[in-house]
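Work through these short exercises with the structure open. Each task is followed by a stepwise solution.

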Amino acid sequence: MANKADILMLDACTLRERLATGALSALDVVEASIARIEAREPEVHAWAWFDPEFARHQARQLDIHRQTGRAIGPLHGLPVALKDIIDTAKIPTENGCVLDKGRVPVRDATIVEKLKTAGAIIMGKTVTTELAFMQAGPTCNPHNLAHSPGGSSSGSAAAVADGMVPLAVGTQTGGSIIRPASYCGITGFKPSFGAIPRTGVLMQSPTLDTVGVFARTPADAALLSQVLFGYDEADPATRPEPAPPLLEIARSDPPIKPIFAFVKPPGWDDADPELHAAFAELAEALGDRMFEVDLPAPFGDAAMLRERVNFAEMARYYYSYGNKGSEQLGPLTLEALSKGNAILARDYLAALDWGDVLYAGLDEIFDRCDAIICPAAMGPAPEGLEFTGSALFNGLWTFVGTPAITIPAFTAENGLPMGIQLVAARGNDGRLLRNANWFQGWLTEAGA
């Protein structure tokens, strides 16, 4: 068997290549992940459900399949963690909520079916905040256990950051992929709205809910996302169009070196001073490859408008939770449901219109750059586990449906990571991944 520590050092694309050639077996990879989980889980608390024998069984079956000489899937033998709001047949999916304790779905979510078909190993279910909102779970930041990993995809981000798995799936309704990835020092990719089907995923806000991924690199994120992209007639947000070859695009060289438009999102003045200093240094290092531009004035209302849509839809889709057991829900969840119930229909419908209006205001910026660049969070992960951090720098991009990606870039004085966020026009997911891959390479060369 290959050295477990060496296996954990490899990125997902390299692992896939070694699994495909037989240099590694699926069981080799799974045993390395199991060893890491068993060593670190008592401190990190990333997992809501984990059964090592179930993981080993999948690995053995995949190794037998490969030995027959039949074709293998694009994720053959790769362990993938799933946020515990994604339905898994015969495996608990409890939505981070005591009211769903013991819930075991009878069917897989569409994306779980895709993962199994691609040869991925379902490693287990990762901790989420209560009903994927803001009431924190037990997960700690692997870089410093006294700090938050972010939310609501806390366990997925922490599991990848700690080397327990190379890949994980999460969701974002405000900033639940981009922010945890920034806090945990990994790549988080939130694709264009509707790119990945949500059938079988807990619905909080159908206008905003977006499935995304966690990985070590943009290329790894492309590898996983390419399998998940696609049309699902049960999800009206998806479209009947072919999935783009994301990995091929992400690994290709940009025709010319990309140009980035630096924007200071609403709330910039309240961000950590270390973040301000880091972006000043970044601007100097990139030189004429980055220019600063202001967001259109109406973006100042984006956070309020997104919250209005989120809370109104949350009140509808979580009605049964509040109705049957409100006394068992956390105060942050109850507060959101109360606010949602108080929103007038006319205000909700007006807020819905603003997503496309704000997006139209980005045309001139995207015409001048390859991607927008801005902070992925307001600073490093906050101390304590009760507050999962502000989604202020993420929610506006969720609201307008653009793809966004986190790249680890800076280190705060306390040793915690801080990420940058790249944003592209709707549908330009492959181009965004390619520019992110270029940017990560540039950071490495620059010694960041």
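## Cysteines

The structure holds zero disulfides. Keep in mind that this is a predicted model.

**Exercise 1.** Find out why Cys140 has no disulfide partner.

*Solution.*
- Step 1. A disulfide is a covalent bond between the sulfur atoms of two cysteines.
- Step 2. The cut-off for such a pair of sulfur atoms is within 2.5 Å.
- Step 3. The cysteine sulfur closest to that of Cys140 belongs to Cys184, and the distance is 10 Å.
- Step 4. That is too far, so no bond joins Cys140 and Cys184.

**Exercise 2.** Decide whether Cys97 and Cys140 are buried or exposed.

*Solution.*
- Step 1. Buried means under 20% relative accessible area.
- Step 2. Cys97 has 4%, so Cys97 is buried.
- Step 3. Cys140 has 7% and counts as buried.

## Helix α8

**Exercise 3.** Determine why helix α8 is described as largely enclosed.

*Solution.*
- Step 1. Locate α8 at residues 218-228.
- Step 2. List its buried residues; among them are Pro218, Asp220, Leu224 and Leu228.
- Step 3. The count is 10 of 11 residues, so the rest of the structure largely encloses α8.
- Step 4. Look past the helix: Gly230 follows α8 and has a positive phi, near 145°.

## Nonpolar cores

**Exercise 4.** Name residues that touch the most other members of the largest nonpolar core, and trace the contacts of Ile373.

*Solution.*
- Step 1. The largest nonpolar core has 110 residues.
- Step 2. Those touching the most other members include Ile111, Leu115, Val169 and Ile373.
- Step 3. Leaving out residues up to four places away in sequence, Ile373 touches Phe260, Phe279, Met290 and Phe439, among others.
- Step 4. Another core lies apart from the largest one; this core has 28 residues, including Leu208 and Cys369.

Conventions: Residues numbered from 1 in each chain as written. Predicted model: local features only at pLDDT ≥ 70, side-chain atom pairs only at ≥ 80, totals over all residues. Heavy atoms only, no water. Core = buried A, V, L, I, M, F, W, Y, C linked by side-chain atoms within 4.5 Å. Buried < 20%, exposed > 50% of the residue type's maximum accessible area, 1.4 Å probe, protein only. Contact = heavy atoms within 4.5 Å. Helix = DSSP H or I, 4+ residues; strand = E, 2+ residues; numbered from the N terminus.
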